[in-house]
Amino acid sequence: MKVSEPHPPDSGEDSQHAARAAELAELLAHLTTCWDEERRLLARRLHDSLGSSMTALTMHLGLLSQHLQEQPQRDRAAQMKQLLNNIIETNRKMQLALWNDKLEFLGPRAAIAELVQEWGREHGIKARASMPDEDADYTRAQGVALLRCAEEGLRNIAQHAQATAVDVILDDDGDQAMLTVRDDGVGPGTGVAAAPSCHGLRMLRERVRGLNGTLTLGPGPDGKGTALTLVIPK
C-alpha cells in the first residue's frame with residue numbers, strides 16, 4: 001500500500017483564519033466602545049433625571065416637615081427623608097458602577113485614586129494608590145482601559161486573594177502607561193482569577209489588545225501575592 005504524504009498547510013486557509021481573527025478583534029473593539037458609551041449615557045441619565053428628582057423631593061419634604069406640629073407626623077417625615085437619602089445613595093453607587101465621571105472630567109489619575117480609597121474603606125483592607133505627580137493626556141479608550149484594569153484587579157483581590165494590603169501603581173514615561181495592581185494574598189496559582197475561563201480578565205485582555213497593549217497576571221514582587229499589570233503605548 002502507498003502511504004500518502006501529509007498535506008502542507010494551506011496558505012489560503014491560514015490567510016482566511018488570520019482575516020477572520022482580525023475581523024472578530026475589530027468587532028469586539030467596536031462592541032466594547034459601544035458598551036462604554038451606553039454605560040456613560042445611562043449613568044448621565046440617572047444623574048440628571050432620577051438623582052435630580054430625588055434631591056428635589058428631599059428639599060420639598062424638608063420644607064413640609066417644618067410645618068408639622070404633631071410628633072407622629074414628624075417621625076413619619078423623618079422616615080421618608082431617610083428613605084429618600086438611601087435611594088439617592090443607591091443611585092449614586094449605580095452611576096459610579098456604570099461610569100466614573102471623574103475619568104472624563106479629571107482623568108484616570110483622580111478616578112483610580114478615588115476608586116482605591118473607596119474600595120479599601122468598603123472592604124477593610126489597606127489600599128494605597130501611587131499616582132504620577134502630574135496628569136497625562138490619554139484618549140478616552142486608554143483612560144477607560146486603565147480604570148477597568150484597576151476595577152478588575154481589585155474585584156479579583158476581594159473575591160480570591162485573602163489579602164491584607166493592596167497597591168495600585170500608575171507609571172507614565174510619556175511613551176507608554178503602565179498600571180499595576182498587586183497584593184500580598186495567596187497568589188495567582190490558587191485563585192480563580194488565574195483560570196483561563198475568568199471572563200473579566202479575558203475581556204480586559206481583549207480591550208487592551210485593541211489598544212496594542214499587553215495584560216499580564218503573575219506573582220508579585222519576591223514571588224508573594226499577585227500582580228496584574230497593564231501596559232499601553234500612548
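**Exercise 1. Which helix gives the most to the lining of the second largest pocket, and with how many residues?**

Before solving, note that this is a predicted model, in which local features need pLDDT of at least 70 and side-chain atom pairs count only at pLDDT 80 or more, while totals for chains, interfaces and linings use all residues. Residues are numbered from 1 along each chain as its sequence is written, and side-chain values use heavy atoms, with hydrogens and water left out.

Solution.

Step 1. On a 1 Å grid over the protein atoms alone, a pocket is an open set of points with protein on both sides within 12 Å along at least five of seven lines, a cavity is a set of points where a 1.4 Å probe fits but cannot get out, and lining residues have an atom within 4 Å of a point.

Step 2. The second largest pocket is lined by 16 residues, and His47, Asn91, Arg92, Gln95 and Asp101 are the ones that lie nearest its centre.

Step 3. Helices are DSSP runs of H or I with at least four residues, strands are runs of E with at least two, and both are numbered from the N terminus. H1, H2 and helix H3 (101-105) each supply at least two residues of this lining, and H1 gives the most, with six residues.

**Exercise 2. Describe the largest pocket by volume, lining and residue class.**

Solution.

Step 1. The volume of the largest pocket is about 840 Å³, where a volume is the space filled by probe spheres set on grid points that are joined across faces, edges and corners.

Step 2. Its lining has 27 residues, with Leu96, Ala97, Leu115, Glu151 and Arg155 nearest the centre.

Step 3. Among the helices that each supply at least two lining residues are H1 (11-65), H2 (71-98) and H4 (108-123), whereas the largest share, seven residues, comes from H5.

Step 4. Ala, Val, Leu, Ile, Met, Phe, Trp, Tyr, Cys and Pro count as nonpolar, Asp, Glu, Lys and Arg as charged, and the others, Gly among them, as polar. On this basis the lining of the largest pocket has nine nonpolar, six polar and twelve charged residues.

**Exercise 3. Work out the surroundings of Asp172, and state whether this residue is buried, partly exposed or exposed.**

Solution.

Step 1. Asp172 is placed in strand E2 (residues 165-172).

Step 2. Buried means under 20% relative accessible area and exposed over 50%, with partly exposed in between (1.4 Å probe, protein chains only). Asp172 is partly exposed because its relative accessible area is 24%.

Step 3. Leaving out residues up to four places away in sequence, Asp172 touches Ala136, Tyr138, Ala177 and Lys234, a contact being heavy atoms within 4.5 Å.

Step 4. A polar contact is a pair of N or O atoms within 3.5 Å; within protein, one must be able to donate a hydrogen and the other to accept it, and residues adjacent in sequence count only if both atoms are side-chain atoms. The side chain of Asp172 makes such contacts with the side chain of Tyr138 at 2.5 Å and with that of Lys234 at 3.0 Å.

Step 5. Ala136 and Tyr138 are also among the residues that line the second largest cavity, which has a volume of about 50 Å³.

**Exercise 4. Which is buried and which is partly exposed: Cys34 or Cys149?**

Solution.

Step 1. Cys34 counts as partly exposed because its relative accessibility is 30%, while Cys149, at 0%, counts as buried.

Step 2. A search of the whole structure finds zero disulfides, a disulfide being a pair of cysteine sulfur atoms within 2.5 Å.
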